[in-house]
Amino acid sequence: MPIKIITRDFWLNYRKINRVSRLFLHFFVSLLCVLGSPVFAVLPHHIYSSSLLANASIHPSPLEQGKIIYDAGRFAEAVQVLQQAVQEYKQTGDQLRLATTLSNLSLAYQQLGAFTEAQQAITESLNLLQGNQNLPVFAQALEIQGRLQLAMGKAEAALVSWQQAEKIYQQTKNYHGVVRSQINQAQAWRTQGFYRRAIQMLETVNQHLQSQPDSLEKATGLRSLGNALLISGSLPKSQEILEQSLAIAQRLESDHDMVASLFSLGNNARKQKNTPAAIAYYQQTIKLSASPFTKIPAQLNYISLLIEDEQLTEAESILPTLESQINQLPSSRTAIYSQINYAQSLIKLEMANQRKNSIPDFQQANLQKIAQILANTVKESHSLGDRRAEANALLSLGNLYEQTKQWSEAKSLTQQGLILAQATTTPDIAYRLQWQLGRLLWQKKDFPSAIAAYDAAVETIKSLRRDLATINQDVQFNFRDSVEPIYRQSVELLLQSQAGQQNAKILDQARQRIEALQLAEIDNFFQEACLEGKNVILDQVVDIENPTTAIFYPIILPTQLQVIVKLPKQPLQSYSTNITPEEVEKVVANLRTVLVNPTAINAVKIQSQKIYDWLLKPIESKLSTTKVDTLVFVLDGVLRNIPMASLYDGEKFLIEKYAIALSVGLQLQNPQPIVQQQLKALVAGLTQPPANFPNFASLPAIKSEVQSISSAGVATTNLIDEQFTSKALEKAVNSVPFNVVHLATHGQFSSRAEDTFILAADGPINVKQFDSLLRDRDATQVKAVELLVLSACQTATGDNRAALGLAGTAIRAGARSTLASLWQIDDESTALFVGDFYKELKKGNISKAQALRHAQLKILRHPNYRAPSFWSAYVLIGNWL
């Protein structure tokens with residue numbers, strides 16, 4: 001492929017699309033974290049039955065040749081050799097070898113994304129093995145079938161296959177196979193959304209492994225378990241298990257297993273953002289590795305971390321040796337991906353040097369070198385017949401041409417890659433190619449085609465909702481860089497296509513796109529796809545059931561803050577403010593800082609009026625003429641970190657004029673008001689946090705808060721202090737009739753699910769555990785939980801995306817409405833607030849949003865609690881009726 005000369009104005013061109021470049025680079029930085037492991041499932045290290053290989057002659061058979069080629073990562077060539085073996089064993093009538101070969105042929109097809117051929121091969125293999133007495137081969141075929149089923153989105157079928165494999169391994173006392181099958185089952189459970197079942201399965205695996213004496217099989221099993229926990233997001237537990245695996249390998253003096261565990265620990269430390277520890281682990285891996293297949297991925301990850309840590313001299317010193325080692329790799333997918341990763345590291349290093357030295361130009365020789373490396377990967381993958389690797393190589397080279405403004409070449413390469421990705425069922429590559437094509441078409445002002453390309457990318461991501469969280473770890477690792485920008489750019493493209501004239505249909509598409517982003521954010525937060533219920537579109541609620549409500553959709557774009565508004569019985573309308581995301585974030589951060597300070601009322605008014613002017617001032621006159629009394633906000637990004645009640649119009653706070661609620665999407669589950677009925681609440685409270693949580697203060701007014709709920713006329717079942725344990729809560733949830741859950745205890749919302757929890761007497765209850773509690777209850781109780789109240793929670797300090805934890809809790813808990821606090825509040829004012837809220841709610845002729853407003857106004861008018869820090873922290877999410 002010809003390489004065009006890259007001109008000296010590359011840097012100027014490059015800066016104009018610098019964000020896109022950084023997004024693309026971030027993906028490749030983490031690519032080698034999982035390189036070489038087909039992360040859909042944990043499979044045997046060798047793909048062939050050892051009993052068959054032990055009886056093979058000294059002259060390699062087609063079966064043995066296929067194994068060697070497969071292990072080398074030359075999957076297309078392995079397919080050809082294994083096909084020859086199939087024909088040979090059909091002629092000789094050797095059904096056992098034929099079945100084994102077909103199983104492995106399926107595995108090779110899977111590596112190439114040829115799922116139809118893979119299905120045919122594994123089906124034929126299993127048909128041959130029916131009634132065959134060689135159980136180990138049958139179990140292995142079931143494992144391979146399970147991997148294929150999960151890759152095709154058939155998690156339930158995969159679970160059954162792996163359960164059957166486990167049963168056979170139990171019969172044959174192959175405990176390594178048992179562990180492997182159980183880890184696979186845990187992934188199948190997670191993919192279906194059954195988090196607790198998955199955790200229970202992994203705990204079973206851990207218990208079994210802990211009871212075994214030291215062995216290489218135990219070290220491998222623990223490492224597989226640690227990697228499974230790493231993918232699921234249980235990072236501290238993953239680290240603990242991987243350290244155990246390493247310790248066993250060290251005691252047994254197995255260099256191979258030490259290297260594998262050290263590399264996994266490096267990946268774990270990297271995901272925990274512990275860069276020094278990750279660098280140290282990668283250094284140890286490099287030092288101990290004898291094989292280039294383990295040394296090179298560690299070196300690539302090591303270099304990328306050095307560059308991120310601004311240790312540029314050290315990174316540059318390693319490059320020549322690494323390049324020489326990569327060039328010596330035999331032709332394979334591993335070699336291709338290593339070259340791609342190396343090229344991206346070179347670009348990242350050039351960018352870092354430009355920033356450090358304030359030099360306006362890239363080194364032309366380096367750019368030519370990068371282009372040549374990527375062109376070679378395209379050529380090499382094509383010669384191997386590895387269409388997945390070729391699609392990835394075309395993606396990389398096309399992106400480089402995009403950066404250098406060689407638009408025609410970039411478009412041609414991208415389209416070639418997209419054809420390959422779609423033909424080989426590789427949606428994780430396809431969506432990035434569709435995104436890249438959309439950018440190129442947008443640059444040419446071809447709006448219809450660009451919109452179509454972005455639409456295709458979003459639809460592909462939707463098909464990957466489960467996989468993005470549980471399977472494709474490289475994407476999961478960089479959600480904000482590899483997924484989120486597609487949605488935001490898509491919205492910006494849609495709005496630009498209006499050409500200055502508002503189009504209600506396009507505005508509707510834009511808000512649907514931002515809702516899809518919010519769902520994807522929640523999926524990524526939990527690292528599993530959210531369960532979906534029956535929903536009603538918000539527009540229908542506003543136009544028919546609740547025509548005094550207006551809905552606001554602020555959307556943060558690269559150069560402006562766009563607001564789409566739905567007024568009752570009117571078409572969508574929009575307005576915008578030219579402001580960057582960084583400026584929005586700064587104002588929001590300033591407001592959040594002063595909001596929690598009771599003495600900073602004037603500062604709150606100054607900062608919050610800026611946001612009021614962005615979101616509401618352009619439409620305030622229409623709000624008054626339409627007699628709207630309730631505002632519902634579908635907030636985006638950092639705007640979730642502040643309560644809309646605190647916005648100030650120059651005379652009044654927003655809560656003094658309207659009832660306010662939040663929604664996390666365009667649809668509402670069961671939009672019915674709480675009719676006049678007996679409210680029954682399960683109330684749990686903790687006045688003293690556990691001793692090992694010294695950073696949380698005591699909450700002596702909790703008992704007054706609980707009493708105020710009863711005084712409001714609500715029937716309560718109480719779990720107070722030592723009675724409030726995770727087991728007691730679980731028992732009560734599944735046995736006591738209630739329609740309200742009120743938790744008066746410390747809690748924390750974070751952008752990480754593992755750091756989002758509420759405190760019980762026996763320790764923290766993670767958001768995933770709590771979610772499972774309520775969802776288990778839904779299966780046994782007829783009536784849904786109308787309201788979940790979290791009265792003493794707070795968002796994590798220093799985490800500007802922490803409100804994502806609150807949104808995630810609200811969605812996954814399954815309650816129709818969630819009332820929570822964004823920061824820790826004086827517990828005496830909380831008791832007053834809670835009592836008044838329930839008194840209003842008990843009347844039955846008032847919406848939840850209006851009941852909240854009434855309670856907030858009562859605190860605002862109290863002489864001791866006038867500051868917004870006392871009354872504005874409470875937010876209502878979900879059904880406001």
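1. In this predicted model, the side chains of arginine 180 and glutamate 143 meet in a salt bridge, with 2.8 Å from N to O. The pair links distant parts of the chain, since arginine 180 belongs to helix 10 (residues 175-191) and glutamate 143 to helix 8 (residues 135-151), 37 residues apart. A reader looking for these two side chains should note that both arginine 180 and glutamate 143 are buried.

2. A second salt bridge to look at is the one that arginine 388 forms with aspartate 428, where the closest N and O atoms are 2.6 Å apart. Arginine 388 lies in helix 20 (residues 387-403) and aspartate 428 in helix 22 (residues 427-443), so this pair ties together parts that are 40 residues apart in sequence. Aspartate 428 counts as buried because its relative accessible area is 11%, and the cut-off for that word is under 20%.

3. The side chains of glutamate 124 and lysine 90 also meet in a salt bridge, at 3.5 Å from N to O. Here too distant parts of the chain are linked, with glutamate 124 in helix 7 (residues 115-129) and lysine 90 in helix 5 (residues 75-92), 34 residues apart. Are these two residues buried or exposed? Neither word applies, because glutamate 124 has a relative accessible area of 31% and is therefore partly exposed, while lysine 90, with a relative accessible area of 42%, is partly exposed as well.

4. These pairs belong to a longer list, for a search of the whole structure finds 26 salt bridges. Some residues are joined in a network of such bridges, as is the case for Arg270, Glu308 and Lys348. As general background, side chains of opposite charge can pair when their charged atoms come close.

5. Helix 8, which holds glutamate 143, can also be examined together with helix 6 (residues 95-111). The axes of helix 6 and helix 8 come within 10 Å and cross at roughly 20°, and the two helices are therefore roughly parallel to each other. Helix 6 passes helix 8 in a left-handed crossing. On the side of helix 6 the residues that meet helix 8 are Leu96, Thr100, Ser103, Asn104, Ser106, Leu107, Gln110 and Gln111, and their counterparts in helix 8 are Val137, Ala141, Ile144, Arg147 and Leu148.

6. Within helix 6, threonine 101 deserves a separate look. Threonine 101 is buried, because its relative accessible area is 0%. Which residues does threonine 101 contact, leaving aside its neighbours within four places in sequence? The contacts of threonine 101 are Leu63, Leu82, Ala85, Val86 and Tyr89.

7. Helix 20, the location of arginine 388, meets helix 19 (residues 364-384), and the axes of these two helices come within 8 Å and cross at roughly 155°. That angle makes helix 19 roughly antiparallel to helix 20, and the crossing of the two helices is left-handed. The residues of helix 19 that take part are Ile370, Ala371, Leu374, Ala375, Thr377, Val378, Ser381 and His382, which meet Ala389, Glu390, Ala393, Leu394, Ser396, Leu397 and Leu400 in helix 20.

8. Turning to the strands, strand 10 (residues 740-749) is mostly covered, with 10 of its 10 residues buried. Strand 10 is joined by five bridges to strand 8 (residues 680-685), and these two strands run parallel; in this pairing valine 683 stands opposite histidine 742 of strand 10. Strand 10 also pairs with strand 13 (residues 787-795) in the parallel sense, over eight bridges, and there leucine 743 stands opposite leucine 790 of strand 13.

9. In which sense does strand 10 pair with strand 11 (residues 757-760), parallel or antiparallel? The pairing of strand 10 and strand 11 is antiparallel and rests on two bridges. In this pairing glycine 747 has isoleucine 758, in strand 11, as its bridge partner.

10. For the chain as a whole, the protein has 39 helices and 15 strands. Buried residues make up 61% of its 881 residues. Among contacts between residues at least 6 apart in sequence, 71% join residues that are at least 24 apart.

Terms used: Residues numbered from 1 in each chain as written. Predicted model: local features only at pLDDT ≥ 70, side-chain atom pairs only at ≥ 80, totals over all residues. Heavy atoms only, no water. Helix = DSSP H or I, 4+ residues; strand = E, 2+ residues; numbered from the N terminus. Buried < 20%, exposed > 50% of the residue type's maximum accessible area, 1.4 Å probe, protein only. Contact = heavy atoms within 4.5 Å. Pairing = 2+ DSSP bridges. Salt bridge = Lys/Arg side-chain N within 4 Å of Asp/Glu carboxyl O. Axes fitted to C-alpha atoms, helices over the stretch in contact; angles between N-to-C directions. Parallel < 35°, antiparallel > 145°, perpendicular 65-115°, else oblique. Left-handed = near helix turned anticlockwise from the far one by under 90°.
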